[in-house]
Amino acid sequence: MLRNMSIRKRLMVILSLVYIISMVGAIAGGYYVFARDSLREAKEKTELFATVMSANQKFMAQNVRPDIRDLLEDEYFPEATVGIVMMSEASQIIKEDYPEYIFKVASPNPLNKDNLSDSFENSIIAGFENGDYEEWEGEVTKAGEHFYATAVPIEASKSCIWCHDTPEVAHPEMVEEYGSDSGYGYEVGDTVGGRFIYVSMTASDALTMQKLASFGGGISLLFLVAMLFIDRIVISTVVKPIEEIVTVAEDISRGKMDREFNIKGNDEIKLLADAFNRMKVSLAKAMDILRK
Ligand code: HEC
């Protein structure tokens, strides 16, 4: 197929093929690198978020809860004594500025119905119960949104029982707030839920696409400029000189022996023109001899 084309066309077809192959390679490679970067970024964000949350919880457990217990023995004050309550509330405040961070303490048996685990969370919690993994991390799509997520199990210890045993034992204020049909029946050692952190990757996915578009655009522009440049060079150094040789050769064949193959430069085409000039001289001599 290439053989039947003009030099210019042939070169453009080859360059276009190189362009397409480079483009596919660059886009695939670029996607891999950019997607890996945005996943790494999401992991770092998640780790930082989890560390801050745990630090707050630890601080409360070590420095606030013991004093509150001493000072307000019979008082129901979960905001200062229950880590999960504190973290859920804090995460709501964080969400006002960073809606892409979702913190959820999910349980299939929750006091607060907002904490009811969905089917994805149930499957992860079931994995914790079966001992399939001790922690979970990965990507998940929920309601069409792409998230990087991590989860750790929440296990019931002795300290949880007085609130999560039976509604009769729990503080009446708590039962009044949350009802008595769910969130109870904990036994020490049970996996009662999971702490899930979701970081939305929608924005970074869009950024990846944007980066890919500029990357692809840059490569295309580069190729376009290169192709135009190469085309110009091919026209001036190959196509035009060959056309010139053809015209002169045709003139000579019609008897205009005064025509000269006149090519500038110092390349193969110049050698060809010189060879033709020598041939013309020999031809002229041969014809002179014949005429005599
Ligand atoms: C002082 C009472 C109290 C204690 C002690 C307590 N919790 Fe809770 N827990 C609550 C309340 C209240 C909520 C609801 C928080 C909310 O509104 O989001 C809750 C929520 C939870 C949730 C989220 C699902 C749900 O029920 O809404 C889990 C899981 C949980 N607690 C586990 C534990 C574990 C494990 C412990 C022991 C380490 C513990 N809790 C100790 C009162 C308590």
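In strand β4, Tyr198 is the bridge partner of Ile102. That pairing is a good way into this predicted model, since it belongs to a wider match between two strands. β1 and β4 (residues 191–200) run antiparallel to each other and pair over six bridges. β1 itself covers residues 101–106, and five of its six residues are buried, so the strand is mostly covered.

**The overall picture**

Zooming out, the protein chain has eight helices and four strands. Read from the N terminus, the order is α-α-α-β-α-β-β-α-α-β-α-α. What about the overall dimensions? Along the principal axes, the C-alpha atoms fill a box of roughly 135 × 35 × 25 Å. The radius of gyration tells a matching story: the protein chain has 39 Å, while a compact globule of 292 residues would have a value near 19 Å.

Buried residues account for 32% of the 292 residues. The accessible surface of the protein chain is about 18900 Å², and carbon and sulfur atoms own 59% of that. As for contacts, take those between residues at least 6 apart in sequence: 61% of them join residues at least 24 apart.

**Helix α1 and what it touches**

Helix α1 spans residues 7–71, and Thr46 sits in it. Is Thr46 buried or exposed? Its relative accessibility is 2%, so Thr46 counts as buried. Leaving out residues up to four places away in sequence, Thr46 touches Tyr148, Thr150, Ile197 and Val199. Of the strands, β3 covers residues 145–155 and β4 covers residues 191–200, which is where to look for those contact partners.

The charged side chains of α1 are worth a look too. Arg40 and Asp37 meet in a salt bridge, with 3.5 Å from N to O. Because these two are three residues apart in helix α1, about one helical turn separates them. Arg40 is partly exposed at 47% relative accessibility, and Asp37 is also partly exposed, at 23%.

Lys43 takes a longer route through the sequence. Its salt bridge is with Glu137, and the closest N and O atoms are 3.9 Å apart. This pair links distant parts of the chain, with Lys43 in helix α1 and Glu137 in strand β2, 94 residues apart. Lys43 counts as partly exposed because its relative accessibility is 32%.

**Salt bridges side by side**

In total, the count comes to 13 salt bridges. Side chains of opposite charge can pair when their charged atoms come close. Here are some of the pairs in this model:

| Pair | N to O distance |
|---|---|
| Arg40 and Asp37 | 3.5 Å |
| Lys43 and Glu137 | 3.9 Å |
| Lys142 and Glu121 | 3.3 Å |

The side chains of Lys142 and Glu121 make the last pair in the table, at 3.3 Å from N to O. Lys142 is in strand β2 and Glu121 is in helix α4 (residues 119–130), so this salt bridge ties together parts that are 21 residues apart in sequence. Both Lys142 and Glu121 are buried. The two also belong to something wider: Lys104, Asp118, Glu121 and Lys142 are linked in a network of salt bridges. Lys104 brings the story back to β1, the strand of residues 101–106.

**The turn after β2**

Right by Lys142, the backbone does something worth checking. Ala143 has a positive phi of about 45°, although it is not a glycine. Where is Ala143? It lies in the loop between β2 (136–142) and β3 (145–155). With a relative accessible area of 89%, Ala143 is exposed, whereas Lys142 is buried.

**Toward the C terminus**

Helix α7 (residues 202–253) is home to Leu228. Its relative accessibility is 54%, so Leu228 counts as exposed. Which residues share a patch with Leu228? Leu221, Leu224 and Val225 do: together with Leu228, they form a nonpolar patch on the surface with about 410 Å² of accessible area.

Further along comes helix α8 (residues 268–291), where Asp274 is found. Asp274 is partly exposed, since its relative accessibility is 25%. Asn262 is twelve residues away from Asp274 along the chain, and their C-alpha atoms are separated by 8.2 Å.

Terms used:
Residues are numbered from 1 along each chain as its sequence is written. This is a predicted model: local features need pLDDT of at least 70, side-chain atom pairs count only at pLDDT 80 or more; totals for chains, interfaces and linings use all residues. Side-chain values use heavy atoms; hydrogens and water are left out. Patches are made of residues with over 30% relative accessible area and no salt bridge: like charges are joined within 9 Å, nonpolar side chains (Val, Leu, Ile, Met, Phe, Trp, Tyr) within 5 Å. Accessible areas come from the Shrake-Rupley method with a 1.4 Å probe; for residues, only the protein chains shown count as cover. A salt bridge is a side-chain nitrogen of Lys or Arg within 4 Å of a carboxyl oxygen of Asp or Glu. Buried means under 20% relative accessible area, exposed over 50%, partly exposed in between (1.4 Å probe, protein chains only). Two strands pair if DSSP finds at least two bridges between them. The radius of gyration is taken over C-alpha atoms; the globule rule is 2.2 Å times the number of residues to the power 0.38. Contact means heavy atoms within 4.5 Å.
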